[in-house]
Amino acid sequence: MLGKIFIILLVPVTIYVVYYLLNRTAKNNKAIKRVLSDEGKDILEKEVAYYRQLSSIDKQEFESRCLSFLDTVKIEGVGVVLELKDYMLIAASAIIPIFAFKKWTYPNLTNIMVYPAHFNADYQFEGHADRNIMGMVGEGAMNGQMILSKAALEYGFQNPSDGQNTAIHEFVHLIDKSDGTIDGVPTYLLDKAAVIPFMNLIRTEISKIKQHQSDIDTYGMTNPGEFFAVASEYFFENPAKFQKNHPELYTALSKIFEQS
């Protein structure tokens, strides 16, 4: 009788142990074997200039972090069907400004909605003449959300030397916002002693834009937060030209984003 009871108790325990071991092995194998598809790599190689200039080892790191990003952030099309290219361009835009920070994630982002085209302040992308927004980071009830125009997303990578990339712009806003406010000063990435000099530099550069003495996009003079995002687009898209035309600002952004 005791033997029968022991067997009855042993069977479910054995099943659980086998299930646990198989499940753990499957997860480990998935973690070991999971790599970006050749199609995904081809998209990065063709579309993303930042990725092309990386070493083979750094490319693997970039690919892995793109996958991790896509695992943790929900991306959905609103009024548009998304393709692999859209997912890869969004992931690349997220990783480019944080590539030097191996453990950085976007805790202030849970969901990205992709609209087919520009939209307005009421999040409408049809039937309105005031549709002039290409991307935005949500506030208030929209906190944790990002909206991107599919057209603007793809356009941002078509000309890698024009210094304009909407998606990178929005992810830089998230980096800036990590300390609570989008004010152009990412305090988590700046030494305390560098904060005031950087704020002064921003004011000087905004003044140059207003005086038509700068090739930084005029949207950058809206406020320091927009300037930081606009300048960062330029910095990552065309670093050689940016360094030539804005050496002091280039040095400051190189330190902030830890780009050699």
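**Pockets, a cavity and aromatic pairs**

User: Which helices each supply at least two residues of the lining of the second largest pocket, and which element gives the largest share?
Analyst: Helix H3 (49–52) and H9 each supply at least two residues of that lining; helices (H or I, at least four residues) and strands (E, at least two) are DSSP runs numbered from the N terminus. This is a predicted model, in which local features need pLDDT of at least 70 and side-chain atom pairs need 80 or more, while totals for chains, interfaces and linings use all residues. Residues are numbered from 1 along each chain as its sequence is written, and side-chain values use heavy atoms, without hydrogens or water. The largest share of the lining, three residues, comes from H9.

User: How much space lies in the second largest pocket, and which residues are the closest to its centre?
Analyst: A pocket is an open set of points on a 1 Å grid, with a 1.4 Å probe and protein on both sides within 12 Å along at least five of seven lines. The space in the second largest pocket is about 330 Å³. Of its 16 lining residues (an atom within 4 Å of a point), the closest to the centre are Tyr50, Gln53, Leu54, Gln259 and Ser260.

User: What is the volume of the largest pocket, and which elements give two or more residues to its lining?
Analyst: The largest pocket has a volume (the space filled by probe spheres set on grid points joined across faces, edges and corners) of about 570 Å³. Its lining holds 25 residues, and Met134, Gly135, His169, Glu170 and Tyr219 lie nearest the centre. Elements giving two or more residues to this lining are strand E3 (135–137), helix H6 (150–158), helix H7 (166–177) and helix H9 (224–237).

User: How many aromatic pairs are there, and how far apart along the chain are Tyr50 and Phe236?
Analyst: There are 18 aromatic pairs in the structure, counted where ring centres of Phe, Tyr or Trp (its six-membered ring) lie within 6.5 Å. Tyr50 and Phe236 make one that is edge-to-face (planes over 60 degrees apart; under 30 is stacked, the rest tilted), with 6.2 Å between centres and 70° between planes. Tyr50 belongs to helix H3 and Phe236 to helix H9, so the pair links distant parts of the chain, 186 residues apart.

User: Are Tyr50 and Phe236 buried or exposed?
Analyst: Buried means under 20% relative accessible area and exposed over 50%, with partly exposed in between (1.4 Å probe, protein chains only). Tyr50 has 11% relative accessibility, and Phe236 has 9%. Therefore Tyr50 and Phe236 count as buried.

User: Which residue of helix H11 forms an aromatic pair with Phe236?
Analyst: The pair is edge-to-face, at 4.9 Å centre to centre and 65° between the planes. It joins helix H9 to helix H11 (residues 247–257) across 21 residues, and both partners are buried. Both also belong to one aromatic cluster that includes Tyr50, Phe62, Phe99 and Tyr250. The partner of Phe236 in H11 is Phe257.

User: How much space lies in the largest cavity?
Analyst: A cavity is a set of grid points where the probe fits but cannot get out, and the whole structure has one of 30 Å³ or more. Residues lining the largest cavity include Tyr50, Ile96, Phe157, Ile168 and Phe236. H3 and H9 each give at least two residues to this lining. The space in the largest cavity is about 80 Å³.
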